[in-house]
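User: Please take a close look at one part of this model, the surface where protein meets DNA. Walk me through the contacts, then the helix packing behind them.

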2 protein chains.
Amino acid sequence: MNIQQLEYIVALDQHRHFVQAAEHCFVTQPTLSMMIKKLEEELNVKIFDRTKQPIVPTAIGRQLIDQARVLLREARRLEEMAKQYNGDLSGELHIGVIPTIASYLLPAFVQSFIQEHPAIRLRVSEMITERIIRELKMGNLDVGIVASAADEATLREIPLYRERFFAFVSEATALFDKQYILPTEIDPNELWLLEEGHCFRTQIQSLCELSKNSPSGNSFQYRSGSIETLIRMVERSGGVTIIPELAMLDLSEDRKKFIRSFQAPVPAREVGLVVNREQVKMHLIDLLRSTIQRVVPHLPSDEALQVL
Amino acid sequence: MNIQQLEYIVALDQHRHFVQAAEHCFVTQPTLSMMIKKLEEELNVKIFDRTKQPIVPTAIGRQLIDQARVLLREARRLEEMAKQYNGDLSGELHIGVIPTIASYLLPAFVQSFIQEHPAIRLRVSEMITERIIRELKMGNLDVGIVASAADEATLREIPLYRERFFAFVSEATALFDKQYILPTEIDPNELWLLEEGHCFRTQIQSLCELSKNSPSGNSFQYRSGSIETLIRMVERSGGVTIIPELAMLDLSEDRKKFIRSFQAPVPAREVGLVVNREQVKMHLIDLLRSTIQRVVPHLPSDEALQVL
DNA sequence: CCTTTGTATAGACATAGCCTATAACCACAG
DNA sequence: CTGTGGTTATAGGCTATGTCTATACAAAGG
């Protein structure tokens, strides 16, 4: 058994196809066939059922492939430790970002980052906090960018910046005429929210449920997957929505007319990196942190914030 | 990097000596030297400081060796999974046993076990519960034999048998003339105990502290490391000690005259196996369990027991 | 300064892993 | 029943890698 063979069975499990898996491993199909056969003989176990098309792992094969993944992850960790010791700023950095941050933060720093560190291959996936936490724990993700992650013992949080919340109000609402507004002044029936699962939704709920006047279950309520959509809903159908500061800064001048600030203490969220405590790519992650902090406009003024 | 090389650095870390480590790996010293050098070149890291004698790992070397151990453990796990699937009853079973069980249980089953399963290499280490738990978690031990282990989330307990406690009393004590005794009747000043760390000591303390008449810190108190020694102390210096059932059964007829039973509910302890939840050698451990349960005399009568 | 003890290097050999070419298998169309 | 396309397995040759023996080199001790 060797590490290579384990990579082969994991690749074959991914592709369920010898030719494709072989390409993925940069070897020919016969090589892959032979090596897998050899491993199967050594372990005296049929890992793949080749009678089916596409190929499927056997029951025991599933277990072995999963274990192979564990082993390969540990192998990469070892290599990463050596690399980092050498101050080697190369490698892959797999980042998970929540949607309400991704759209506005990524354009701001990705370009700078890949220019400054051309040897780092950046892989960004958009996913909700819950999944980021899960993937971090499984070791499929190097770092997450979230807004106030749950305190997990195995994870570590690194604060990046705070961003305030702003209301985007339609001309039709009473709020439009105010200069500063209070969360309690928002009519829950007029409030557009993201769909379930987004932590930004949860935060706004807790902000507005403080006012306890949300009867819920009334009239029509559309739940959107993106902040941009919420803004459009307000523009066309009236009402109000709440957006984070980076989203606000991104608006056109025309749209900014519909922005209203909250009265102090201004509701805000804390954006930070989350990493597994055992993470060995801390060097790379530190580069990420400093790039983000340099690129993001210095948002939080000295005013009182209410961090949700 | 390959698995072999990792075994080499782990072996060299153990032996701190190329020739010995090479022997341990069944290769020649030049082979070991070359392979380690090769790994060091590949990772671009000096793993061992050869200027010292004996050789020592460098700082980064330490980390890499630890990670190599993790990797090797996962590799063995993988092989073990395949073996078990094949119903292969071979392999190594590393058992940790607490001292107060080891002396009396091991002679009873080890012989049977190795005869019934000659392909299993048994490795037994005597250690206190605390260390057994630690080694199980680190994966250095396959299974532990303990008396009521703490409930650790990552471990699983498998009950084996219950054994009662008995008092071994000197002729000089008042207890000698009684047929059945109560824990409260034992004078703590006359009671011989094992040294700190033994769970059997703790259990007896909790049994006798119920009677709350242990002023402690009085006169001379010798703490022994073995039950056999406690018995000798009673024989020579008087007083009383408490021993588990298997130890009692092992006594000569002469000595059994000094044994007194407790009144019901008879204090007892529950002996069981402890394994890591992720343990893949469950098949082997099941064989161990059935051999032990067959060999150990059926101890607990139907009488009421007070399991400590 | 030579011996002892320990590690590194050199050169030879076997083999493990890879490649190309091709066989074998299987489903399906004609 | 047979040919064809898609897929995996086998064969034979080449190279790189891991291993060995023999020996050089280095450091410490008498």
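Analyst:
**The DNA-facing surface**

Of the atoms of DNA strand C that lie within 4 Å of the protein, 72% are sugar or phosphate, and the rest belong to bases. Keep in mind that this is a predicted model.

Start with strand C. There are 20 residues around DNA strand C. The nearest are N2(A), T31(A) and K38(A) from chain A, with Q29(B) and R50(B) from chain B. Several helices build this surface. α1 and α3 of chain A each supply at least two residues, and so do α2 (18–24) and α3 of chain B. By class, the surface near DNA strand C has nine nonpolar, eight polar and three charged residues.

Now the individual polar contacts to strand C. In Q4(A), a side-chain N or O atom sits 3.3 Å from a phosphate oxygen of DNA strand C. T28(A) uses its backbone: an N or O atom there lies 2.9 Å from a phosphate oxygen of DNA strand C. From chain B, the side chain of H17(B) places an N or O atom 3.3 Å from a phosphate oxygen of DNA strand C.

Turn to strand D. Around DNA strand D there are 20 residues, with Q29(A), K37(A), R50(A), T31(B) and K38(B) coming nearest. Sugar and phosphate make up 72% of the atoms of DNA strand D that come within 4 Å of the protein. Here α2 (18–24) and α3 (29–43) of chain A each give at least two residues, as do α1 (3–15) and α3 (29–43) of chain B. The surface near DNA strand D divides into nine nonpolar, eight polar and three charged residues.

The strand D contacts can be listed the same way:

- H17(A): a side-chain N or O atom is 3.4 Å from a sugar or linking oxygen of DNA strand D.
- F18(A): a backbone N or O atom lies 3.1 Å from a phosphate oxygen of DNA strand D.
- Q4(B): a side-chain N or O atom is 3.1 Å from a phosphate oxygen of DNA strand D.

Next, the packing in chain A. Two packed helices are described by the angle between their axes and the distance between the axes. The axes of α1(A), residues 3–15, and α3(A) come within 9 Å and cross at roughly 110°. That crossing makes α1(A) roughly perpendicular to α3(A). On the α1(A) side, the contact uses Q5(A), L6(A), Y8(A), I9(A) and L12(A). On the α3(A) side, T31(A), L32(A), M35(A), I36(A), K38(A), L39(A) and E42(A) meet them. The residues of this contact are eight nonpolar, two polar and two charged.

Two of these α3(A) residues, T31(A) and K38(A), are also among the nearest to DNA strand C. Both α1 and α3 of chain A supply residues to the surface near that strand. The helix contact and the strand C surface thus draw on α1(A) and α3(A) alike.

Conventions
Residues are numbered from 1 along each chain as its sequence is written. Chains are lettered from A and ligands numbered from 1 in the order in which they are written. This is a predicted model: local features need pLDDT of at least 70, side-chain atom pairs count only at pLDDT 80 or more; totals for chains, interfaces and linings use all residues. Side-chain values use heavy atoms; hydrogens and water are left out. A residue is near a molecule or strand if one of its heavy atoms lies within 4 Å of it. A polar contact is a pair of N or O atoms within 3.5 Å; within protein, one must be able to donate a hydrogen and the other to accept it, and residues adjacent in sequence count only if both atoms are side-chain atoms. Helices (H or I, at least four residues) and strands (E, at least two) are DSSP runs, numbered from the N terminus. Ala, Val, Leu, Ile, Met, Phe, Trp, Tyr, Cys and Pro count as nonpolar, Asp, Glu, Lys and Arg as charged, and the others, Gly among them, as polar. Axes are lines fitted to C-alpha atoms, for helices over the stretch in contact, and angles run from 0 to 180 degrees between N-to-C directions. Angles under 35 degrees count as roughly parallel, over 145 as roughly antiparallel, 65 to 115 as roughly perpendicular and the rest as oblique. Contact means heavy atoms within 4.5 Å.
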